[in-house]
Amino acid sequence: MKKIRIIVVGAGPVGVVAALACAQNDFAVTLLEAEAKVDDSPRAATTHPATLEMIDRLGLIEPFIAQGLVARYFHFWDRPTRTRLAEFDHDLLRNETKFPFVVQTEQHKLANMGLARLRGYAEADIRFNTRVISVRQDETAVSATAEGPNGLEEFRGDYLIGADGGRSTIRKALDIDFEGYTWPEQFLIFTVTDDFQQLLPCCYRNYFADPQEWVNLFKVAGDDGKGRWRACFPAQVDESDDHALSDETIHGRLQGAFPKTGSYNLVHRNLYKTHQRVAAKFRLGRVFLAGDAAHVNNPIGGLGLNCGIHDAIELVDTLHQVVTGRANDSPLDRYERRRRTMNIQFVQEATIANKRRLEESDPKVRRANLDELRARSEDPVRHKEFLMRSSLIESVRKAEFIA
Ligand SMILES: Cc1cc2nc3c(=O)[nH]c(=O)nc-3n(C[C@H](O)[C@H](O)[C@H](O)COP(=O)(O)OP(=O)(O)OC[C@H]3O[C@@H](n4cnc5c(N)ncnc54)[C@H](O)[C@@H]3O)c2cc1C
């Protein structure tokens with residue numbers, strides 16, 4: 001019998017996870033990627049316990065942990081006084097999950113290990129340098145037209161997953177609104193090889209609140225496994241890109257936040273616009289949106305990609321239920337009800353609150369926020385409640401109740 005074929009557009013981490021889950025569920029899959037290789041620019045790394053459980057289901061957990069760093073704790077700091085306010089310990093989740101920790105593994109590593117696994121499936125057709133430009137569907141099938149190495153080519157399938165990132169061609173082709181807003185300030189990200197644990201008693205994930213200039217500080221393994229630190233700062237609203245990315249400004253920012261003797265060994269710098277947006281629809285007929293194509297948010301808390309992986313797994317499970325006759329078509333709309341709701345209620349809400357907490361400038365509100373964080377970390381029940389939410393275990397459990 002001819003297999004159901006799913007077209008996945010975009011070989012970012014969400015597209016690759018979706019394509020691999022399709023192959024593992026006995027679908028034929030066509031994966032179309034515009035670029036020549038997986039994008040390896042520094043972006044997501046923080047992978048929460050609920051997502052680790054999904055990576056485990058895909059059979060990738062061992063290499064995923066081996067290529068990253070296990071981060072049991074995260075810290076909140078008051079930057080102006082250089083005081084550590086609160087330490088949160090994922091080990092409190094040990095009775096809730098097989099993975100009571102976060103793993104810091106860069107997103108391109110996940111995409112590459114997923115692709116390597118996908119290549120083992122005979123009915124997986126993987127095309128790089130193939131940019132989808134339009135999509136058409138009727139009651140029985142969907143087709144994507146792409147510009148590839150041999151010119152225009154048409155790919156036909158039974159369903160299509162648009163995992164083609166924040167500027168999604170698929171979302172635009174379907175004329176689906178991307179509702180929300182863009183923050184006025186850009187975000188700066190710098191990577192250095194200097195070891196911040198020699199400078200202050202921090203852990204692998206640290207958030208520094210400051211009404212003047214908050215900072216996030218993380219450790220990742222790097223491609224060589226030797227370890228790198230990433231610092232994320234807000235640029236000034238009216239700051240030019242040239243100013244923000246100049247050596248002098250970058251070293252000034254790093255030294256201002258974390259003074260050290262000698263200069264930092266900077267290996268990467270980037271500046272990017274940040275948005276809070278959710279697609280008005282996640283499904284139109286046989287076409288679905290997943291990952292950044294469906295939702296984008298600021299990176300404080302490390303939730304965007306995690307939520308995209310949850311989309312991919314939920315969607316492929318749903319398609320499998322429908323195709324194997326265990327359900328009629330109605331769960332296909334449930335995908336949107338579950339994933340869109342969870343993105344709005346958890347990811348958008350949490351990332352906006354995370355940013356507000358770090359940048360709060362009213363002294364009274366700021367003090368109350370920071371006291372609340374400390375009190376929460378010192379109360380085992382509230383500490384665990386906070387982790388259940390930040391780890392996305394709560395959102396996964398809540399989604400299961402959405403019919
Ligand atoms: C600095 C930074 C830090 C972040 N940190 C975290 C974090 O710690 N944790 C977290 O969960 N999230 C984080 N995020 C968010 C995370 O990077 C994104 O959510 C993630 O990249 C989304 O993956 P995706 O596969 O949906 O999209 P993308 O990674 O954008 O991949 C989309 C793919 O589609 C391809 N494509 C685009 N158009 C077409 C087309 N027409 N045809 C074919 N292919 C196409 C692109 O080339 C690309 O390969 C961070 C983001 C930034 C910028």
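**Figure 1. Salt bridges across the predicted model.** Searching the whole structure turns up 39 salt bridges. The model is a predicted one. As a general point, side chains of opposite charge can pair when their charged atoms come close. The next four views zoom in on some of these contacts.

**Figure 2. Arg43 and Asp39 paired through their side chains.** Here the two side chains make a salt bridge, with an N to O distance of 3.7 Å. What is the relative accessibility of Arg43? The value is 46%, so Arg43 counts as partly exposed. Its partner, Asp39, has a relative accessible area of 43% and is partly exposed.

**Figure 3. Glu179 meets Arg340 in a salt bridge.** The N to O distance for this pair is 3.3 Å. Which parts of the chain does the contact link? Glu179 sits in strand β13 (residues 178–182), while Arg340 belongs to helix α9 (residues 331–359). That puts the two partners 161 residues apart, so this is a link between distant parts of the chain. As for exposure, Glu179 comes out as partly exposed, its relative accessible area being 41%.

**Figure 4. A salt bridge within helix α12, from Glu394 to Lys398.** The closest N and O atoms of this pair lie 3.5 Å apart. Why are the two residues separated by about one helical turn? Because they are 4 residues apart in helix α12, which covers residues 393–399. Glu394 is partly exposed, at 22% relative accessible area. Lys398 also has a value in the partly exposed class, with 42% relative accessibility.

**Figure 5. A network of salt bridges around shared partners.** Zoom in on Arg79, Asp210, Glu213, Glu239 and Arg253, and you'll find them joined into one network. What holds the group together is salt bridges that share partners.

**Figure 6. Cysteines without disulfides.** How many disulfides does a search of the whole structure find? The count is 0. Take Cys202: the closest cysteine sulfur belongs to Cys203 and is 6.7 Å from the sulfur of Cys202. A disulfide needs the two sulfur atoms within 2.5 Å, so that separation is too far for a bond. Cys202 counts as buried, with a relative accessibility of 7%. Cys232 is in no disulfide either, and its nearest cysteine sulfur, the one in Cys202, is 16 Å away. With 4% relative accessibility, Cys232 is buried.

Note on methods:
Residues are numbered from 1 along each chain as its sequence is written. This is a predicted model: local features need pLDDT of at least 70, side-chain atom pairs count only at pLDDT 80 or more; totals for chains, interfaces and linings use all residues. Side-chain values use heavy atoms; hydrogens and water are left out. A salt bridge is a side-chain nitrogen of Lys or Arg within 4 Å of a carboxyl oxygen of Asp or Glu. Buried means under 20% relative accessible area, exposed over 50%, partly exposed in between (1.4 Å probe, protein chains only).
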